[in-house]
Amino acid sequence: MSERTKTDQTPRLREMGPAPRLLDGLDNVNLPSLQVDPLLILDMDETLVYATTREIPHLNVLTRFEEYTVYERPHLSEFIASVREQYRVAIWTAAGRDYAQAVIESVFQNPSQDLDFFWTSERCTTKWDYDSGEFYNRKNLGKVRRSGEDLRQVLIVEDTPKNVADHYGNAIYISPFEGQENDRELLKLAAFLGQFRQEGHEDFRRIEKRWWSE
Ligand SMILES: [Mg+2]
């Protein structure tokens with residue numbers, strides 16, 4: 001389903017904001033020397049999961065929400081385990097909170113400990129898309145910076161490039177998952193992110209990442 005169709009209801013649980021950081025307000029500190037793991041922000045729908053009213057027999061069901069079945073992208077648990085060894089992990093979805101909460105609780109054993117933050121549509125900025133004639137939710141990484149992160153050490157994984165158009169230097173685009181059989185993108189991405197971390201880049205934004213999956 002499209003992210004716009006998901007309902008945005010009153011939060012059931014508290015929103016997990018970012019934890020206070022050692023580096024609040026200090027944008028020019030050389031982070032790698034302070035040994036703070038980089039931050040990896042993950043989109044949710046069509047990146048980690050696929051929610052649909054269709055039955056897809058070959059996929060694992062994570063949870064159900066209203067009329068939707070939420071399917072796991074293949075290799076999701078291996079991906080999460082792998083990236084958590086080298087990155088702090090956060091989720092930022094343009095979906096509504098009740099739906100996102102249900103999905104996240106089925107992916108992570110203890111979301112409030114496992115995730116640096118969990119942001120939903122309330123943190124997005126609504127923009128008008130002149131091409132499609134529709135509103136969409138953009139993710140402004142300025143909000144991440146204002147929470148104390150150094151954007152040189154932040155990556156955001158997205159299947160919808162326009163959602164992070166203001167911060168393409170931080171973005172890693174992944175092909176949208178819509179139930180394809182034998183999808184291996186998360187395995188490939190885990191390998192890329194592991195290698196990328198080992199390379200020890202001071203400013204992720206300066207490194208070409210568009211062809212990571214080729
Ligand atoms: Mg998405």
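Leaving aside its neighbours within four places in sequence, Ile-156 touches a set of residues that includes Ile-41, Lys-139, Leu-141 and Val-164, and His-167, Asn-170 and Ala-171 are in contact with Ile-156 as well. This description rests on a predicted model. Ile-156 belongs to strand S9, which covers residues 154–158. Is Ile-156 buried or exposed? Because 23 C-beta neighbours lie inside 10 Å of Ile-156, and 20 or more is the cut-off for a buried residue, Ile-156 counts as buried. Another residue to look for beside Ile-156 is Leu-42, since the C-alpha atoms of the two are 5.8 Å apart in space although 114 residues separate them in sequence.

**A sheet of three strands**

Strands of a sheet pair through backbone hydrogen bonds, and the pairing can be either parallel or antiparallel. In this model, 3 strands make up an open sheet in the order S2-S4-S3, with antiparallel pairing. Strand S2 (49–52) and strand S3 (61–65) stand at the edges, and each has a single partner strand, so one side of each is left without a neighbour in the sheet. From one strand to the next, the twist averages 20°. Strand S4, which spans residues 68–72, is joined to S2 by 4 bridges, and these two strands run antiparallel. If you follow Thr-52 across to S4, you will find that its bridge partner there is Thr-69. Helix H3, made of residues 97–107, packs on the sheet and touches S2, S3 and S4, while the direction of H3 makes about 155° with that of S3.

**Two residues with positive phi**

Most residues other than glycine have a negative phi. Two glutamates in this model have a positive phi although neither is a glycine, and the table sets them side by side.

| Residue | Phi | Location | C-beta neighbours and class |
|---|---|---|---|
| Glu-46 | about 65° | loop between S1 and S2 | 20 within 10 Å, buried |
| Glu-66 | about 50° | loop between S3 and S4 | 12 inside 10 Å, exposed |

Where in the chain is Glu-46 found? Glu-46 is in the loop between strand S1 (39–42) and S2, and Glu-46 is buried because 20 other C-beta atoms lie within 10 Å. Glu-66, by contrast, sits in the loop between S3 and S4, and with 12 C-beta neighbours inside 10 Å, Glu-66 counts as exposed.

How values were computed: Residues numbered from 1 in each chain as written. Predicted model: local features only at pLDDT ≥ 70, side-chain atom pairs only at ≥ 80, totals over all residues. Contact = placed C-beta atoms within 7 Å. Pairing = 2+ DSSP bridges. Axes fitted to C-alpha atoms, helices over the stretch in contact; angles between N-to-C directions.
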